[in-house]
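Reader: I'm new to this structure and would love a close look at one part of it. Could you walk me through how a strand sits among its neighbours?

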Amino acid sequence: MRRARVSAGLGQLAPTATGGVGLVLGAGNISSIAPLDVLYELVAHNRVSILKLNPTFDGLLPIYRAALAPLIAQGLLRIVTGGADVGHYLAHHVDISHVHITGSATTHDAIVFGGSKTPRLGKPISSELGGVSPIIVLPGRWSPKDLRYQAEHVATMRLHNGGYNCIAGQVLVLSAAWPQKHAFLAAVAAALAAAPTRPAWYPGSDERMRAARVAYPAAQPIPGGRLLVDVANFAASSSTENMLTTEYFAPVLGVVELPGDDQAYLDAAVRTVNRDFLGTLGVTIIGLPSTIRRLGPGFEQAVTRLQYGTIAINVWTGVGFLSAAAPWGAFPGHTLDKIQSGIGVVHNALLLDEVERTVVRGPFRPFPRSVAHAEWALLPKPPWFVSARSGVRTARLLTEFAAHPSARKLPRILVAAFHA
C-alpha cells in the first residue's frame with residue numbers, strides 16, 4: 001500500500017513535462033469510451049490528443065465536439081472522422097508520439113505490423129482489446145428466486161448493448177456435479193428469451209452469428225436471434241471458430257462444464273479460464289455468500305490466481321468499467337506479438353502505477369431479500385439489468401442529475417430505480 005501511495009501520480013508528478021501528441025482511436029460500441037480515453041491521456045500522461053472516431057459513431061461528432069468544447073478551445077483536443085486509412089495515416093505520422101486503441105486485436109495488429117512479421121509502428125501503443133469473458137458459477141443450494149435473479153444477471157452480461165461489449169460475458173463455466181445445473185440453464189434460456197429484442201446494429205454481427213451456427217450446429221436457438229451453445233459440441237471439422245478463443249461480439253452465450261465440486265471445481269475453473277480462454281480483460285464469479293465463506297482462504301487464493309484485469313464477484317465486470325477510480329485494462333504481461341486484451345490501463349482516477357488488477361464485489365441477492373441474509377444491497381434490481389422495467393427512465397434521470405445536480409431530484413431517481 002505504501003509503495004502504491006508513493007508511486008501514484010503518473011504524469012501529474014511532473015505536470016509541466018509534455019507527453020507529446022497522442023492518437024486515440026475510439027471504440028465503436030460504447031459512446032463514453034473515447035472521451036474517457038482522451039481525458040486519461042491528458043491527466044495521466046500529459047498528452048494532448050487527436051481523437052479519431054470509429055465510423056459507427058460519426059453521427060455523434062457534433063455531440064462530442066459540444067461536450068468536449070473546453071478541451072478543443074484550449075488546443076488540447078481535435079476530433080476527426082474517417083476509415084482505416086485515416087487511422088493508419090495518423091498512427092504513423094511523425095508528429096504523433098503515442099497511440100491508444102480500443103477495439104479488436106485484428107485492428108491492433110494491422111496498425112502495429114501492417115501485414116509484416118515485425119512491428120512497423122515506431123512509437124508506443126497502449127490498447128484495450130476485449131476477449132472472451134468467463135462467468136464462473138459456484139455450485140450451491142440456490143432458491144428459485146436466486147436462480148431466476150442470477151439468470152437475469154447472466155443475460156445482462158451477455159445482452160447489454162445488444163451483446164456488443166468487450167466485457168460481455170460470453171461463456172458460463174458450471175460444475176458438472178451441481179444438482180441445480182439444468183434448472184439454472186433453463187432459467188438462463190428463459191431470461192435470454194425474455195430480454196427485449198434489439199436489432200443487430202454492430203457491423204459484422206450477422207456474419208459472426210452465422211459462424212457460430214456453423215461451428216456449433218447443435219446450438220439452442222433463443223427467441224430474439226440469440227444462441228445458447230454447449231461448447232463441448234464443437235464441429236471442429238467444419239469450422240475453425242471456437243467459443244473459447246473467438247470473441248463473437250454478438251448475442252451468443254456458451255456453456256462449459258467442468259468436473260468436481262467446491263474447491264476442486266473452483267481450482268479447475270481458474271486453470272481452465274487462465275489457460276484456454278482468449279483475453280484477460282474481465283472475469284465474473286457468481287456464488288452464494290455461504291459458499292464463499294465455506295471455501296474461505298481457498299476462495300481468496302483462487303481469486304489471486306485469476307489472470308484478469310478486473311475480477312468481479314457477484315457483480316458484472318461492467319461495474320468495474322463504470323467505477324472511474326478503478327483501473328481498467330488487461331492483466332499485465334501481454335506483448336505486441338501476443339496482444340490478447342491489450343497493454344496498459346485507463347480510467348484509474350487515483351493515477352496508480354504498475355496496476356495488476358481490480359477486484360469488484362457485489363451482493364448475491366437484491367433488496368429486500370438481501371436484508372434477510374445480512375447482505376448489503378440498495379436496489380431490488382440494478383437498473384442496467386436487461387430485465388429492469390425502469391432502466392431507461394432511471395438512466396435519463398441520472399443523466400439529468402449529473403448535468404444539473406440537485407437534492408430535489410433524488411426522490412424521483414429512487415422511485416424510478418425501485419420500480420426496476
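Author: Happy to; what follows starts with one strand and its partners, then turns to a sheet and a surface patch. Please keep in mind that this is a predicted model.

Let's begin with strand β1, which spans residues 21-25. This strand is mostly covered, as 4 of its 5 residues are buried. β1 pairs with strand β2 (residues 48-52) in the parallel sense, over 5 bridges. To find the pairing on your screen, look for L23, whose bridge partner in β2 is I50. Between the two strands, the chain passes through helix α2 (residues 33-45), and this β-α-β crossover is right-handed. β1 also pairs with strand β4 (residues 98-102), again in the parallel sense, over 4 bridges. Here G22 has H98 in β4 as its bridge partner.

Now for an open sheet of 8 strands, which run in the order β8-β9-β10-β7-β6-β11-β12-β15 with mixed pairing. At its edges stand β8 (220-222) and β15 (358-361); each has a single partner strand, so one side of each is left without a neighbour in the sheet. On average, neighbouring strands of this sheet are turned by 20° against each other, direction ignored. One pair to look at is β9 (residues 226-230) with β10 (residues 252-258), joined in the parallel sense over 4 bridges. In that pair, D230 stands opposite V255 in β10.

Finally, come to the surface. F367, V371, W376, L378, L414 and F418 make a nonpolar patch of about 640 Å² there. One of them, F418, lies in the segment after α16 (410-417). F418 is partly exposed, with a relative accessible area of 35%.

Methods
Residues are numbered from 1 along each chain as its sequence is written. This is a predicted model: local features need pLDDT of at least 70, side-chain atom pairs count only at pLDDT 80 or more; totals for chains, interfaces and linings use all residues. Side-chain values use heavy atoms; hydrogens and water are left out. Patches are made of residues with over 30% relative accessible area and no salt bridge: like charges are joined within 9 Å, nonpolar side chains (Val, Leu, Ile, Met, Phe, Trp, Tyr) within 5 Å. Accessible areas come from the Shrake-Rupley method with a 1.4 Å probe; for residues, only the protein chains shown count as cover. A salt bridge is a side-chain nitrogen of Lys or Arg within 4 Å of a carboxyl oxygen of Asp or Glu. Buried means under 20% relative accessible area, exposed over 50%, partly exposed in between (1.4 Å probe, protein chains only). Two strands pair if DSSP finds at least two bridges between them. A crossover is right-handed if, with the strands pointing away from the viewer, the path from the first strand over the helix to the second runs clockwise. Axes are lines fitted to C-alpha atoms, for helices over the stretch in contact, and angles run from 0 to 180 degrees between N-to-C directions.
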